[in-house]
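Visitor: I am new to this structure. Please pick a single part, show it to me up close, and then tell me how it fits into the rest.

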Amino acid sequence: MKILVGYVPTPEGEAALTAAAAEAELRGASILLLNTSRGDAYIDARYANADELAAAEAKLREHGVEVTIQQAVSEGDVAGALLKAAAAEDVGLIVLGLRRRSPVGKLILGSTAQRVLLESPVPVLAVKVPSPHD
C-alpha cells in the first residue's frame, strides 16, 4: 500500500507528515510525499526548498518508512494535483493537514482540503496541528 501525504513546510504540513508516518508504520506502507504549490519559494512559501524536503524525508526514514518525493507547480490547482497523483500512483490513503479555524471559518473548509475530501476515490485522513492544550 502507498500513502500520499500532501506536504507543505508549515505546522499543518508537519502534522500531516507525522500522521502519515504513523499510518505507514501501522499498515506497512510506503509514502509518496507530494509538495505542490502555485510557484517556487519566491512566489509561494508552501513550495518546500531542498533542506525542508530533506528534513521531511529524514523524519520519515527515522520511522523506517520508504519514501518517494515529488514536487510540482500546480498552476493554482493544488487539489487537482493531489487527486491526479493519487490516481497515477494507486494510493490507498491521502493524508492532509488542516488549519485551525474560527467558529465562522469552521462553516467552510479550505478549498483544497474540501475538494480532496469530496472528490477522492480513496480514504482521506485530515489532521490538525495539536493545540498547546492537547
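Guide: Let's start in the interior: the largest nonpolar core has 22 residues, and those with the most contacts inside it are I3, V5, I31, L33 and V95. A nonpolar core here is a set of buried Ala, Val, Leu, Ile, Met, Phe, Trp, Tyr and Cys residues joined through side-chain atoms within 4.5 Å. Buried means under 20% relative accessible area, and exposed means over 50%, with partly exposed in between (1.4 Å probe, protein chains only). Two or more residues of this core come from each of β1 (2-6), α1, β2, α2 and β4 (93-98). The largest share, 7 residues, is given by α1.

A word on what you are viewing: this is a predicted model, in which local features need pLDDT of at least 70 and side-chain atom pairs count only at pLDDT 80 or more, while totals for chains, interfaces and linings use all residues. Residues are numbered from 1 along each chain as its sequence is written, and side-chain values use heavy atoms, with hydrogens and water left out.

Now for our close look, at helix α2. Helices (H or I, at least four residues) and strands (E, at least two) are DSSP runs, numbered from the N terminus. The 13 residues of α2 (residues 50-62) should span 18 Å at 1.5 Å a residue, and the end C-alpha atoms are 18 Å apart, which agrees; the expected span is 1.5 Å times one less than the number of residues. In this helix, L53, A56 and L60 are buried. These three cover an arc of only 60 degrees around the axis, which puts them on the same side of α2; the arc is taken from the directions from the helix axis to the C-beta atoms. On the other side of α2, A50, D51 and E62 are exposed.

What lies over the buried residues of α2? The cover includes α1 (11-27), β2 (30-37) and β3 (67-73). L60 turns up again among the contacts (heavy atoms within 4.5 Å) of I31, which also include I3, V5 and A20, leaving aside neighbours within four places in sequence.

Both ends of the helix have details to find. At the N-terminal end, N49 caps α2, with a side-chain oxygen 3.0 Å from the backbone nitrogen of D51. Just after α2, G64 takes a positive phi of about 75 degrees.

Stepping back, the protein chain has 4 helices and 5 strands, which follow the pattern β-α-β-α-β-α-β-α-β along the sequence.

Note on methods:
Polar contact = N/O pair within 3.5 Å; in protein donor to acceptor, adjacent residues only side chain to side chain.
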